Amino acid sequence: MKKILLLLAFAAIAVLSAVALLAPADAPPSALTELREKMETKPAKKVDHAVFPALQRRFERPQDVTETCISCHNHRHTEVMRSNHWNWEREEYVAGRGVVYIGKKNAMNNFCIGAMGNEKSCAKCHIGLGMSEAGMTYTDATNIDCLVCHDNTETYAKASEQGGAPVATLDFGHIARNVGKPMRSNCGVCHFYGGGGNNVKHGDLEEALFQPTRDVDVHMGIDGMDMGCVDCHITEEHNIAGKLYSLSSMNRNRAYCETCHGETPHESGVLNEHTLKVACQTCHIPVYAKVNATKTHWDWSTVGKLKNGEPYEVDDEEGNHTYLSIKGSFKWGKQLEPEYVWFNGTASHYLLGDQYEDSTATISLNRLHGSYSDADAKIIPVKIHRAIQPTDPVHRMLIMPKLYADAEGEGALWKDFDWRRSAALGMEKAGLPFSGEVSFIKTEMYWPINHMVSGKDATVQCTECHTRDNGRLAGLTDFYMPGRDYSPLVETGGAALLILTLVGMAAHGSIRVIAAKRKNNGGAR
């Protein structure tokens with residue numbers, strides 16, 4: 001008996017040892033776990049600019065600050081001057097065009113149409129200083145506006161219509177002594193107000209993100225992870241990850257959810273299978289413009305109405321402009337469901353001077369590429385901004401009007417309300433022909449929705465897509481989706497098989513019952 005017990009004891013020890021040896025080693029922490037640990041502790045500044053001797057003086061001009069920055073951060077200015085934030089364009093490959101430079105210089109939009117000829121006004125959101133209508137000096141490094149991105153006092157501000165110059169009364173020395181990693185306010189002061197006001201352009205980027213709660217954005221919520229823009233938009237040599245597809249065409253240097261969450265982040269295998277064709281944002285951003293409304297439609301054809309000889313405005317109950325004499329009529333929306341498209345990371349663009357064929361068709365200013373059969377494409381949520389904007393019906397090209405001038409009488413639409421003159425001056429500035437005729441045409445523009453992310457408890461539900469009528473993906477018809485799509489042949493065949501199965505089961509059961517009774521009756525006799 002003792003020998004048996006000893007053998008059992010040795011066997012147990014051997015089994016436990018084998019289990020211990022064969023057990024997998026502790027898995028390395030995921031990128032998401034590392035990020036959580038990183039965000040829980042806000043690192044202290046490694047460099048205190050307040051004690052630098054070179055900054056202990058009064059700066060009369062922002063260019064003087066830049067010159068001082070470069071004296072220590074040498075070569076950084078060369079990185080900035082290679083960036084699209086500085087050049088307002090980037091080198092892109094576009095199918096059908098080849099390699100081209102795309103940016104605010106030549107890409108048209110259907111908000112304020114374009115920057116050309118309106119630089120003094122548009123440059124309020126440029127990282128350069130001293131831009132004029134002739135274009136700034138792109139080789140002068142002292143015109144880099146370091147403070148607009150690195151001010152941590154949240155007091156730095158650009159002046160209106162001054163070619164990117166800051167408000168003259170600012171204490172540049174105090175701001176220079178308090179610089180650091182860009183905060184939300186540095187990014188948001190431009191990106192939240194694109195198109196002339198809060199949330200006009202993007203729909204998912206607006207001033208509510210300065211201090212959002214988790215229900216507005218699960219990443220940026222001050223009651224949660226409290227992440228800043230640069231935590232996802234990782235930057236190397238002033239090259240910021242993330243692309244605006246109104247100005248970009250190539251699938252490169254993007255910011256992905258998968259960088260932290262991985263390709264299969266769900267516990268459910270079915271949900272993980274969706275990530276092959278469905279972008280994270282599609283389910284995790286059920287609505288956008290969560291707090292403030294975004295502009296959804298702009299009609300330039302109604303510009304120029306006056307009251308008592310003066311321009312006027314009409315606002316809705318929330319203060320959004322629904323009519324402005326200088327810009328026309330608008331529609332807005334809040335808590336909007338996105339529209340959905342296939343997207344493989346590439347796009348094509350309508351560029352200044354492009355001619356169109358069909359004057360009755362809607363012009364897509366930035367067509368996003370992709371389809372179900374495209375292995376690189378996924379379904380993404382978008383805001384589609386629709387507009388009616390000016391065109392030359394003779395030359396069949398969109399008009400770049402001169403919009404801004406310092407004073408009346410210089411031909412700017414926003415001062416003189418004269419479409420033909422503003423169109424003539426704008427097209428002359430662009431080096432393009434103008435027939436003298438102005439008409440209007442429908443355009444649309446696609447804005448991928450990537451922010452205002454909801455947590456797992458507030459995502460799009462299965463039945464919102466897998467439903468027969470009016471599902472979220474009703475507009476994507478190049479694939480079969482269970483629960484939505486219908487085939488009479490398959491449905492009839494399936495019903496027939498089901499009926500046959502039930503009939504067969506009933507017949508089989510009946511035969512078994514009858515046979516059992518006969519057997520029992522025979523046995524009784």
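A polar contact is a pair of N or O atoms within 3.5 Å; within protein, one must be able to donate a hydrogen and the other to accept it, and residues adjacent in sequence count only if both atoms are side-chain atoms. This is a predicted model, where local features need pLDDT of at least 70, side-chain atom pairs count only at pLDDT 80 or more, and totals for linings use all residues. Residues are numbered from 1 along each chain, and side-chain values use heavy atoms, without hydrogens and water.

Thr275 sits in the loop between α12 (269-274) and α13 (280-284). Helices (H or I, at least four residues) and strands (E, at least two) are DSSP runs, numbered from the N terminus. Thr275 is buried, at 13% relative accessible area; buried means under 20% (1.4 Å probe, protein chains only). Its side chain makes these polar contacts:

| Partner of the Thr275 side chain | Distance |
|---|---|
| Asn272 backbone oxygen | 2.6 Å |
| Glu263 backbone oxygen | 3.1 Å |

Leaving out residues up to four places away in sequence, Thr275 touches Glu263, Pro265, His266 and Lys378. Contact means heavy atoms within 4.5 Å.

Helix α3 (residues 62-72) comes next. Its buried residues are Pro62, Gln63, Asp64, Val65, Thr66, Thr68 and Ile70. The cover over them includes α4 (76-80), α7 (146-150) and α8 (172-176).

Technical notes. Buried < 20%, exposed > 50% of the residue type's maximum accessible area, 1.4 Å probe, protein only.
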